[in-house]
Amino acid sequence: MAHIIAHDVYPVVLGSRILGKGALKGGMPLYKYVANRFLTWVQNLMINQKLSEYHSGYRAFSREVLNKVNYQANSDDFVFDNQMLAQIFFAGFEIAEITCPTKYFEEASSINLRRSIKYGLGVLKTSFGYSMQKLGLISLAMYKTN
């Protein structure tokens, strides 16, 4: 990931549990897998991108990206990561994906079903807000660049 950024290939790199088909083999619960695939499909449509997944926490950013996007305007909850990706795309940056391993066990995931639902609704809100901002119908502080 660092090599891709350091050599100016891409300014952002995401680890994808989907690319290597390891999500279910690595123990991802079926409901999380289905929700991941659905949310990713909706986001790709609304944000006009083609990522394999938006929900991995395995990611790296260049200094330029961190200096430009207004991540201080984001949530302090799980949806923060998703808001970052929307801001990155809005600012015109491209994102690379690489496969990464998936290992699920009791202590590996700190998000329960209730918080997962809250996260999913936040993802949909983020995607809708991105679309409305792109169309010039609203102006959200999170899309103001530094």
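This is a walk through a predicted model, going from its sheet to a pair of helices and then to its internal spaces.

Let us start with the sheet. It is open and has 3 strands in the order β2-β1-β3, with mixed pairing. At its edges lie β2, residues 59-61, and β3, residues 95-99, and each of these pairs on one side only. From one strand to the next, the twist averages 15 degrees. If you pick out strand β1 at residues 12-16, you will find that β1 and β3 run parallel and are joined by 5 bridges. For a concrete spot to click on, take Ser-16, whose bridge partner in β3 is Thr-99.

A helix accompanies this sheet. Helix α4, made of residues 80-90, packs on the sheet and touches β1, β2 and β3. Its direction makes about 45 degrees with that of β2.

Now turn to a pair of helices. Two packed helices are described by the angle between their axes and the distance between the axes. For helix α2 (residues 30-47) and helix α5 (residues 113-134), the axes come within 9 Å and cross at roughly 10 degrees. Because angles under 35 degrees count as roughly parallel, α2 is roughly parallel to α5. Which residues of α2 and α5 make the contact? From α2 come Tyr-31, Lys-32, Leu-39, Val-42, Gln-43, Met-46 and Ile-47. From α5 come Leu-113, Ser-116, Gly-120, Val-123, Leu-124, Ser-127, Phe-128, Tyr-130 and Ser-131. By class, the residues of this contact divide into 10 nonpolar, 5 polar and 1 charged.

Helix α5 also leads us to an open space. The second largest pocket holds about 200 Å³ of space, and α5 gives the most to its lining, with 5 residues. In total, 13 residues line the second largest pocket, and those nearest its centre are Gln-83, Lys-125, Thr-126, Leu-140 and Met-142. Sorted by class, the lining of this pocket has 8 nonpolar, 4 polar and 1 charged residues.

Finally, how many cavities of 30 Å³ or more does the model have? The count comes to 1, and about 30 Å³ of space lies in the largest cavity. Its lining consists of Lys-68, Val-69, Asn-70, Gln-87, Phe-90, Ala-91, Met-142, Tyr-143, Lys-144 and Thr-145. By class, these are 5 nonpolar, 3 polar and 2 charged residues. Met-142 is a good place to end: this residue lines the largest cavity, and it is also among the residues nearest the centre of the second largest pocket.

Key: Residues numbered from 1 in each chain as written. Predicted model: local features only at pLDDT ≥ 70, side-chain atom pairs only at ≥ 80, totals over all residues. Heavy atoms only, no water. Pairing = 2+ DSSP bridges. Helix = DSSP H or I, 4+ residues; strand = E, 2+ residues; numbered from the N terminus. Axes fitted to C-alpha atoms, helices over the stretch in contact; angles between N-to-C directions. Contact = heavy atoms within 4.5 Å. 1 Å grid on protein atoms, 1.4 Å probe; cavity = no way out; pocket = protein on both sides within 12 Å on 5 of 7 lines; lining within 4 Å. Points joined across faces, edges and corners; volume = space filled by probe spheres on them. Nonpolar A, V, L, I, M, F, W, Y, C, P; charged D, E, K, R; others polar. Parallel < 35°, antiparallel > 145°, perpendicular 65-115°, else oblique.
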